[in-house]
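These are my notebook entries on one protein structure. I looked up its overall build and then several single residues.

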Amino acid sequence: MAKAKKPSGKALVGIIMGSRSDWPTLRAAARVLDQLGIAHESRVVSAHRTPDRLYKYANGAKARGLKVIIAGAGGAAHLPGMTAAMTVLPVLGVPVETKALKGLDSLLSIAQMPGGIPVATFAIGEAGAKNAGLFAAALLANSDAAMARRLEAWRWKQTKAVAKRPQDKKRRKR
């Protein structure tokens, strides 16, 4: 894949998580956004421990120029749903793997939103965070031709990196 580059400009994507311990998972979304040159911000915003911070973040996100929010949460996983309840921006929920139930609890909490408050739900862990970053890019690419080209190039490089036969050497990243 492309080397990560520092996006410039105002953040278009917000990445929020319930605690600092969720960052190793959500970092995968940030890396993809960096590779695609999409400006983003990352914040710890706990639905349970910092409800006022969540309220201010979600209510001010659109006015600050964000276009989409990636919200990662483990356990009860209320952060994505609570965020979606406070903004009309698309919210992409990433279940963080937990010790007790390996993230299944988080996945079900995020996926079981009541009708009327949508949260797009992704796979548990880093794969879900990576896909949330790619989905955020796809949303932005709908109204940004340059972003669409960068996303298409990213996908093409990914395709080219796959070996044709199992005995083939791993293709080099370019």
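**Entry 1: Overall build**

I began with the secondary structure of the protein, which comes to 6 helices and 5 strands. The model I am reading is a predicted one. Following the sequence, I wrote down the pattern β-α-β-α-β-α-β-α-β-α-α. I then looked up the radius of gyration, which is 16 Å; the globule rule gives 16 Å for 174 residues, so the protein is as compact as a globular protein of that length. Along the principal axes, I found that the C-alpha atoms fill a box of roughly 50 × 40 × 30 Å.

**Entry 2: Burial, contacts, surface and charge**

I noted that 43% of the 174 residues count as buried. Among contacts with a separation of 6 or more, I recorded that 67% join residues 24 or more positions apart. For the accessible surface I entered about 10000 Å², with 55% of this area belonging to carbon and sulfur atoms. I also looked up the charges: there are 30 positive and 10 negative ones, and their mean positions are 8 Å apart.

**Entry 3: Helix α3 and its cover**

Which residues of helix α3 are buried? For this helix, residues 79-86, I listed L79, P80, G81, T83 and A84. I next asked what covers these buried residues of α3. The cover includes the strands β1 (13-17), β3 (68-73) and β4 (91-95), together with the helices α2 (51-60) and α4.

**Entry 4: A71 in strand β3**

I then turned to A71, which is found in strand β3. Is A71 buried or exposed? Its relative accessibility is 0%, and the cut-off for a buried residue is under 20%, so A71 counts as buried. Beyond its neighbours within four places in sequence, I found A71 in contact with I16, L79, P80, V91, L92, G93 and V94. Of these partners, L79 and P80 are on my list of buried residues of α3. I also looked up the pair A71 and K169, which are 98 residues apart along the chain; their C-alpha atoms are separated by 37 Å.

**Entry 5: S106 in helix α4**

S106 lies in helix α4, which spans residues 104-111. With a relative accessible area of 0%, I recorded S106 as buried. What lies 3.1 Å from a polar atom of the side chain of S106? I found the backbone oxygen of V96 there. V96 also appears among the contacts of S106, which, apart from neighbours within four places in sequence, are A73, G74, G75, A77, P95, V96 and T98.

**Entry 6: Two residues with positive phi**

Where does A77, one of the contacts of S106, lie? I located A77 in the loop between β3 and α3. Its phi is near 55°, a positive value in a residue other than glycine. A77 has a relative accessible area of 4%, so I marked A77 as buried.

I then looked up K102, which lies in the loop between β4 and α4. K102 is not a glycine, yet its phi is positive, at about 60°. Is K102 buried or exposed? The cut-off for an exposed residue is over 50%, and K102 has a relative accessible area of 52%, so I entered K102 as exposed.

Conventions: Residues numbered from 1 in each chain as written. Predicted model: local features only at pLDDT ≥ 70, side-chain atom pairs only at ≥ 80, totals over all residues. Heavy atoms only, no water. Helix = DSSP H or I, 4+ residues; strand = E, 2+ residues; numbered from the N terminus. Rg over C-alpha atoms; globule rule 2.2 N^0.38 Å. Buried < 20%, exposed > 50% of the residue type's maximum accessible area, 1.4 Å probe, protein only. Contact = heavy atoms within 4.5 Å. Areas by Shrake-Rupley, 256 points an atom, 1.4 Å probe, with all protein chains shown as cover. Lys, Arg positive; Asp, Glu negative; His and termini not counted. Charge placed at Lys NZ, Arg CZ, Asp CG, Glu CD. Polar contact = N/O pair within 3.5 Å; in protein donor to acceptor, adjacent residues only side chain to side chain.
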